[in-house]
Every structure is written in structure tokens, then in C-alpha cells.
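Ready for a few short exercises? Have the sequence and the coordinates open, and try each task before reading its solution.

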Amino acid sequence: MNNYCLNNSSINTSLPITDESFTFTSNYELRIYTSGCYYLDANNNWKLDGLIVGSLTNLYETECLSTHLTSFAGGFIVLPEPINWSYVFANADFLKNKTIYLTVICMSIAYIILMIFGRFKDRKDIEKLGVTPLPDNDKSDQYYYQIIVFTGQRANSGTQSKVHFILSSDNDETRVRTFSDPHRKIFQRSGIDSFIMSVPKSLGLLNYIRIWHDNSGQGSSASWFLKYIIVRDLQTMEKFYFIAQRWFSVEQGDGLIERILPIAGEMEKQNFSYVLSKKAYFSVSDGHLWFSIFSRPPSNKFTRVQRCTCCFVLLFASMLLNIMYYDLSAEAKSTNNTESNSLSIGPLYIAPEQIGIGIMVELFSLVPSIFIVQFFRRIRPRRQISPLRQVLEKIRSLPPTNSRDKTIIKNKKSQFTFPWWCLFIAYTLSFMIIAVSIFFIIVKGIIFGDLKTQKWLTSVLTGFFSSIILTQPIKILGLAVFFTLFCRNPNDDKEAKEYIDETNFALDGDEDYLHSNDFSLLSHSSKRITRLNENEVAFLREQRLKELQMWSIIREFMIYAIFLILLCIISFLNRTQSSFYQTDHLQKYFLNTRQTDCDYTQILTIDDYWNWLNNSFISNLRAQQWYNDDQPINLNGYINDKTNRMIGWATMRQVRSKSQLCSDQRIISRCIEDYSLFNEEKDSFQPGWTLNQTSTEEEEEDYSSSILKAFQYQSSKELDTYAYVGDYGTYSGDGYVYEFRGRLSDIKSNLSKLHQLQWIDSKTRAVIIQLTLYNPNVALFTSVTFLFEFLSASGIHSSARFEPFNFYVFTSLTQLICTIIYICFIIYFLIIEIKLLMKLKLKYFYEFWSIIQIGIISCSITSIIIYIWRFKEYNRLSSLFRETNGYVYINLQMIVYVDDVLTSLLGFCCFFGTIKFIKFIRFNKSLRIFVQILKYVTKDIISFSFMFSIVFMAFLSLFYLLFTSSIASCSSLLSTAQMLFE
């Protein structure tokens, strides 16, 4: 909009503001195309006999009408448009195509960063792998069990405490054993740890496992969430499951750190929550390519680097297909409404071209998705000996595995795999796809141009993030729930597959086994292991809960402090200092208080009002000559201050009351009461307020259309106006309107005629002048309203409102970033309050701080909705202003009301937010004493308030009755009460 309002604008300023027609020139585009209809005859020659082009032919489709039966062929496969290489090479510079070049550069940098991150995490995953012999194994023990421990995925699930256990069967049980590994951290979050335990002889059928920890970890590292344990007899290969799904923590759940886990039967292994937790986590961490870069199972052969490469291959391939068919899809959407062969589903139309484009894009993106991912997954690692076998070889002094054994192990694998050197082929193929995609994406971006590329990029990014965050997780979780409900397999352990199936223990070529040089088992002297009793656990629980409460308060304080700072920044940036200067200038400019004969604030009669209109207001509506008599150039549409541009034109609307029978008719029979919606005049009149509808054409020719229209009643819907609240009444948006359009001489002549025709008379109850200004220098809109209220008790009361506001949603990058973070905070608070409401139910609403939080959230959400509405409204008005070059009436009255609501909401947000800070100083001793005193004297305060109200009502009645006609502040009960409080 600035382009049409700046003083140096190059817009044609010769367009006059008038009702008369003028001849003018305008830029336009003319596109010429030819259409023809042909058929292939028996000699394979194209003919057009009997074929004509139909009337429905357009730029994209041709309608053919035939007089003979002929077979016509149509293609369903939609090919992308050919590339104009000469145009591409001529316009390939960086400055013309910043968007596409920066997009490719940023995505390439993101790929490199994720590759470095993936390689770093892959090396870290090596530390989590391996099979560890328990350090308290005895050399003489020759019976071995493999124990696989699964730690949960919840926050702080891992532990640094020492974990001990006793494995018990029908006939025997082990001594107290300890899980330990001197080379790596065990029991990390989402970790799977495998141990080898040696015993003198077989334990037989296992019954339960008693497991506990000593709570020696620091802080949250002392707690542990155990999912389940698998114990496998390495002699018989029999597996035993012990399901926990519980916390071993003094502060979580029931506060126990020692539990007895019985062996799980078939019913327990088919439990819905147990099976779903296994399937859901494994499906998301391994099946979702993008999530798996950060949560890949450490034992999986499909590394993070390979996953990252696959992700970017799919991303660039989908971007290439999208940009190739972007124009064709848009054309199909724009023309499908008029096609008879389109599929109609209610208001939706689907053209065959759209179906073809959708199939082509999905097909071409599905092929690399399946091929590249499966190619990487099926490449065998370079080394084939499992860590379990390596451990057993060291423990039992077995001969090393030879190549023949490797072949046997390899042949056990039924799945088809590729040799390890195919990894280089996979990477080469991936890089080729990425390079080709980048090249053609840049080429199409150059053809599109920078603006169109930005629109395409917006659509691509929207689809990309919605797919990653919403579509794919919902699909994966939905499948997990489906298979859990209908296809449960209790023996399907995908999480433990790499540990249980020996042939899958091999590490990649660059993943040397961590403990390959130290497998000697030493006899350890029996150490006494202390177990915490109930009193010690209770004491630790109390101390830990206090510590958690302290950190919770500190964390809540920091989060809320940041939230309040963001709220203040957003609220204060919504108001600019220029608003005051704009309002102050316009008040001095229009009210004209320095000239006593044209002072707006001193208008007492109808003649004073007409005098102010003719000698002050009208002359200020148009840009006049400069002080040196130079003509105002490039200031068409500006008011006389030559700074503010008028949007459209000003209007003057009056509302009238009907004459009715007086309540006391002994002196005068008819009266005109105060204005109300029930006695509003809604009839249309002829000039002079006559009801004669049979006026001659000669009489109508004496008056301009503006004069005739000023006596015609119009509804608020026709005028695009709303109710207005004055000092002495509320006035509807209907009425009789005169528009200040045309030359100044015509406006002055029309106002003179309206004065002669007594357009303002005894039935007039309010005259409202409204205009909208825009100051491009400070990007401020101002809604100006002059209200003249004609009281039934005689007299005129004048008032004026200047409402400056910034239509732009975000005036700076700082405000945009703060708003995004603020929305995230509101979502976070909303989730917390919903959880609290579900926990406390109706008791939630009895808490004072809950009401404060509800106020903050509700006001914030409403403010966000208003921000979105205001942004859409600004785009609508901007396009309307651009199309009409500013020559259109735009009433911003509703926007002003909404802006006032927004200001109030932001004010309440700051108020509630500041009040809530009292909650964080509730531990202050003085404040606690003050609160206790208030609770103690509450009844006395209520009694005193009742007595005070009686005395106050007595004084209110006295002052109102004594001074209602002599003091302005006592003219009503409300103003009298306000005066007494002051």
C-alpha cells in the first residue's frame, strides 16, 4: 500500500475523484493462441473435414464438434512442460533467483550437518552394543545364561545406580549378582543391555527374579524405569520373560526400588499395553526415517548416516516431481470447474489431469523410496561374527570361527542380502539422484522466477512438515495399534532380535567390538551388598521429593519469567510512539481550536456546525497549494496536511427520531424524544424532508445525485457501517448519508444546498462524520470520527475520536520470533492445565491461580485469533486498494472495534501475568503473614463493606438530588458515584 501513498509515487495521479466518466489508459496483456481439431484417416494423414472447434475452447482445453463417427485418442499420462534452456542460461544469475539458490544451499548444509551428527551418534551407538560377561562370574562355572535388559523410553528412565538381582527357580537360586560393565554405560534411556551370567549348573525352570538398585545415582540418575527382562538359557536356547513396566524410584510411582518379577505367561506376554509399547516405539524409532535419525535402535545395521542419506534422496526427489508438475496441477485446478468430464463431489471438482498428476508424482516418488531404503537395509556388514559368539569363544576357549562357520551362519539367514561392497553403489546412486534433482530444481526455479518460487517453496515445506509431524506418525502408530489388536505374536521380539538371533550380531566394518581384548573372567571375592530398608527408602523419598519440588519451583519461575517478558514485548510492540504524535497532530488539524469562529469544541448551534463544515473541515479534505503557491504534485487523495492519505472519501451520516405524542398533551401534542432504536426514522424522503414521492424530473434535475441520496434511508448493510456509542446514546449504523466526493467547489455547493434544505433539523439526533487516513511515513491507519449529538433537552454536544492503529501484524523480525515462541508457551500451558483439570475435576475451578491461568490462556488464544483475522483483513483491503488505486470507500469501524478488543486482551494478559508472579513469592514470610491476616479478618471486612455501602448510598442519593441540575458530575447516578470516589 505504501507504493500508492508515498509522495514520490509513480502512480498516475491524474485520476480525478468525481462521479463523471473519464477516458484513461491502462496496461493490459493480450494472449493469442490457435486451436484445431483433426482426425487420422486411413492413409495416416491428419484431416479436419467435418470437425469444428467448439465454443468451450480455452487456453488449456479444446472442444471438438464432429459431424461423423471418428475415433479420437487421448493421453492420460501428463508430461511436464519442456524446458527453455536458452531462457534458463540467460537468467541464471544469483540475484534474480535468490530463493531457489538459497533453498538448495540451505538444504545441502542441513544434509551435511545431519550427516556429521549421524556419524557422531553412530560411533556413540557402538558404546551401547556388545555382550558383557558379569564381573562376578566364577571361572569354574560352565553353565551360561544370557540376560537382556530393556530400559524404558520415558524421561529420566536411565540410571547410574548399582543394580543387583537374584534369579530363582523351583530348585535353586543364584547368589546376589550385580549388573556392571567397566567399559561402557549401561541402563541408559531406551537402551538394551545384554549380559552373560555363568552358574555352576542349570537352574531349571525359572520362577521369578528379585531385582533392586542401591539408589546411588545423582539426582534423576538414581531412578530407573524397567520395561522387561529376557533370560535365555544358552544351552537349551529356552527364553524366559519377566515383565516389569514399572519405576524403580523413590520419587516415582509407589516409591519402591526393589521388586519381585514373576515369570510371564502367555497371557502377560499378550497384554495389550505391553505389546503396544514394544511395537509403537520400535515402529517410530525404526520405521519413521526422519525420526530414526535421532532415535535409531543402536543394534540395527541401518545406520543413521544411511538413514539421513535416504531422507534427503526422498526429499529432493519429491521436490523435483513437485516443481515439475506444479504448473500443470495449478492449471488443472483452475479449469476443472468448467469441464464436463470432471468428477464432481459436492463443491469439489477433480479433473482427469489432476488424477494423472497425482498418480505420476506418487509413483515416481514411491520407487526410490522403496528401492533406496531396502537397498541400504539389505547390505550385509563386513564382519559376520556376533559379539555373543566372541564372548563365548573367550570364556570357553573355543576355537575361533573360520570362514566355513561364517558361511554356515550366513546361510541361516533366509532374507536376501547384498554383499558389503554394495554400500558404495548405494551411496553413489543416492548422490546421483540428489545431484540430478538439485540441478533440475534450480532450472525450474529460474523459469518460475523468484516470486513464484516462493509460493512453490511454501507449498512444499507445508506438505513436508505436515507429512513428517502428522501423517507419517499417525500412519505408523495406527498400524502398530492395528497389529497389536489383531496380529499379536508374543514371541516376536524385534527389539531384541539383534541380540537373540546370533547371525545378526555382526557389526559394521567401522564398528570394532568394544570389549574384544578383555574377556578374561576373574574370580571375585564375595562382597557384602547392602540393601536399603524401608526407613531408609522413606527418608530418601522425602528428601528427593523436596529436591524435586525446589527444582520445579525454580523451573516454573524461569519459564514464567520468560513468558511474561515475551508477553510484554508483544504487547508493547503492538503500540507505537508515533500513535500519540499522529493523534495529537490530527486533533489540532481538524478541531481548529485556535480560530474562535471555527473552533470545533465551541459548536453550540446548527449554524455553528455548518460554518465549521464550510470554512474548516472541507478545506482540509484536499491538498491545497503550498505556501509558495506551488501546486501539490503527486498528492492526489491526500488531505491538506500533505502527510496523510485519505482512503476513499469521507461520509456524513445522520440518524433521526420520529415525532410522537407527548406524554403531557395539555400544552403541546407532539414531541420528539431522545433517539432509540425503536423510534428511529427509517423512511426515505425528497429534498427538504418531504414525503411526496411524485416529484417531477425538473425538480430532480435541480439537485445532484449526492443531494438526493442524502435524503434516502440506507441500512447499515448497504453502508458497511456499525453501531456507534456516543456520550449520550448509542446510534445504529443506519441513516441518511452524504458523501464528500467530487471537486471542492461541488462539495461546498452541495453543503450550501443541504443547509438551505434544512438537512439538519429538529428531528436530527446525531450527525456522524467518518473518514479513514493512512500515513505511509509511519505506516499508521487512523479512523477519524466526529460525532454531534443533538439532545432533546436542546443543545449540541460535540465529540471526536482519533483511533490510530498499525495494520501490520508483525512490524519486525523480533516481534515475529517472540510471537512464535509465545504461541508455543500458550500450547504448553494449555496442556498443563488440561492435565490438571482432568486430575482435579471440579476442584480445579475453586483454585484462585487456576482462574488466573484460564484468564491468561483465553485472552492469549483470542488475541492470536484476532491477529490472524487482522492479517487476512489487511490483505483483503490492500488488494482492494491496489485494484482501485485508492478510489474506494473503506470503513475501518469494525477493525477499530476489534483493535480495541485486542488492546484490552493484551492488557488483561499483562495484568493476569503480573498478578501470577505473586504465586512465586508465596514462600516469603511477610507475604504468608499478610495472607493469613487477610483470611483471619475476612468476615470483619465483609461486615465493614456492608456498612460502608449503606453510608455511601446515602451520600450518593443526597448529592444526586441536590446537585443534579447544577453540577455536571452529578447529572447521573453513575457520574455522581464516580465523583464521590474521586
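Three exercises follow, on a predicted model.

**Exercise 1. Find out how far the predictor trusts this model, and where its pLDDT stays under 50.**

Solution. Start with the whole protein: the mean pLDDT is 77, and 79% of the residues reach 70 or more. Next, go to residues 1–18, where pLDDT stays under 50. The model still gives this stretch 45 contacts beyond four places in sequence. Finally, look at residues 401–413, which also have pLDDT below 50; here the model has 12 contacts beyond near neighbours in sequence.

**Exercise 2. Work out the strand order of the five-stranded open sheet and identify its edges.**

Solution. Begin with the order, which reads 5-9-6-11-12, with mixed pairing. The ends of that order are the edge strands: strand 5 (131–133) and strand 12 (239–248) each pair on one side only. On average, neighbouring strands are turned by 25 degrees against each other, direction ignored. Now zoom in on one pair: strand 6 (residues 143–151) runs antiparallel to strand 11 (residues 224–233), and seven bridges join them. Within this pair, threonine 151 sits opposite leucine 226 of strand 11.

**Exercise 3. Is aspartate 122 buried or exposed, and what does its side chain reach?**

Solution. First locate the residue: aspartate 122 lies in helix 2 (residues 98–128). Then check its relative accessible area, which is 3%. Because buried means under 20%, aspartate 122 counts as buried. Last, follow its side chain: aspartate 122 reaches the backbone nitrogen of arginine 304 at 3.1 Å.

Technical notes: Residues numbered from 1 in each chain as written. Predicted model: local features only at pLDDT ≥ 70, side-chain atom pairs only at ≥ 80, totals over all residues. Heavy atoms only, no water. Pairing = 2+ DSSP bridges. Helix = DSSP H or I, 4+ residues; strand = E, 2+ residues; numbered from the N terminus. Axes fitted to C-alpha atoms, helices over the stretch in contact; angles between N-to-C directions. pLDDT = per-residue confidence, 0-100. Contact = heavy atoms within 4.5 Å. Buried < 20%, exposed > 50% of the residue type's maximum accessible area, 1.4 Å probe, protein only. Polar contact = N/O pair within 3.5 Å; in protein donor to acceptor, adjacent residues only side chain to side chain.
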